[in-house]
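Here is a short guided tour of a protein model. Take a moment to turn it around on your screen before reading on.

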Amino acid sequence: MSLSPMQLLIILGIALLIFGTSKLKNAGKDLGGAVKGFKDAVKDEEEAHAKKQHKVIDHDGNANNKVNSSNIDDAKVKEDTHQS
């Protein structure tokens, strides 16, 4: 079930009549801020995970380096995709 553009316009028109433009503007601003905060939190978590992987390599022996280095390569690939 998908909504057609005409149905979306009708829903937007009804929302404008009920809430007014100022409340919808504030709701859109709040929603955008929430999405931005969520993206920042996900990015911080990935960076913390990558740093944690580096610390494990520093403190473990050679046997664990092979396993963990693949995880770091995966983390670097993810970081590269986020930067581009």
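Let's begin with a single residue, E46. Its relative accessible area is 31%, so E46 counts as partly exposed. E46 sits in helix α1. Together with D40, D44, E45 and E47, E46 forms a negative patch on the surface.

Keep in mind that this model is predicted. What does its secondary structure consist of? The chain has two helices and zero strands. Helix α1 covers residues 5-59.

Now look for a nonpolar patch on the surface. About 960 Å² in area, this patch is made by M6, L9, I10, L12, I14, L16, L17, I18 and F19. One of these residues, L17, lies in helix α1, and L12 has its place in helix α1 too. Is L17 buried or exposed? L17 is exposed, because its relative accessible area of 76% is over the 50% cut-off. L12, at 46%, counts as partly exposed.

The table puts the three residues side by side.

| Residue | Relative accessible area | Class |
|---|---|---|
| L17 | 76% | exposed |
| L12 | 46% | partly exposed |
| E46 | 31% | partly exposed |

L12 also gives you a distance to check: its C-alpha atom is 9.8 Å from that of L24, twelve residues apart along the chain.

Finally, step back to the whole chain. Of its 84 residues, 8% count as buried. The accessible surface comes to about 7,300 Å², and carbon and sulfur atoms account for 61% of that area.

Key: Residues are numbered from 1 along each chain as its sequence is written. This is a predicted model: local features need pLDDT of at least 70, side-chain atom pairs count only at pLDDT 80 or more; totals for chains, interfaces and linings use all residues. Side-chain values use heavy atoms; hydrogens and water are left out. Helices (H or I, at least four residues) and strands (E, at least two) are DSSP runs, numbered from the N terminus. Buried means under 20% relative accessible area, exposed over 50%, partly exposed in between (1.4 Å probe, protein chains only). Accessible areas come from the Shrake-Rupley method with a 1.4 Å probe; for residues, only the protein chains shown count as cover. Patches are made of residues with over 30% relative accessible area and no salt bridge: like charges are joined within 9 Å, nonpolar side chains (Val, Leu, Ile, Met, Phe, Trp, Tyr) within 5 Å. A salt bridge is a side-chain nitrogen of Lys or Arg within 4 Å of a carboxyl oxygen of Asp or Glu. Lys and Arg count as positive and Asp and Glu as negative; His and the chain ends are not counted. The place of a charge is taken as NZ of Lys, CZ of Arg, CG of Asp or CD of Glu.
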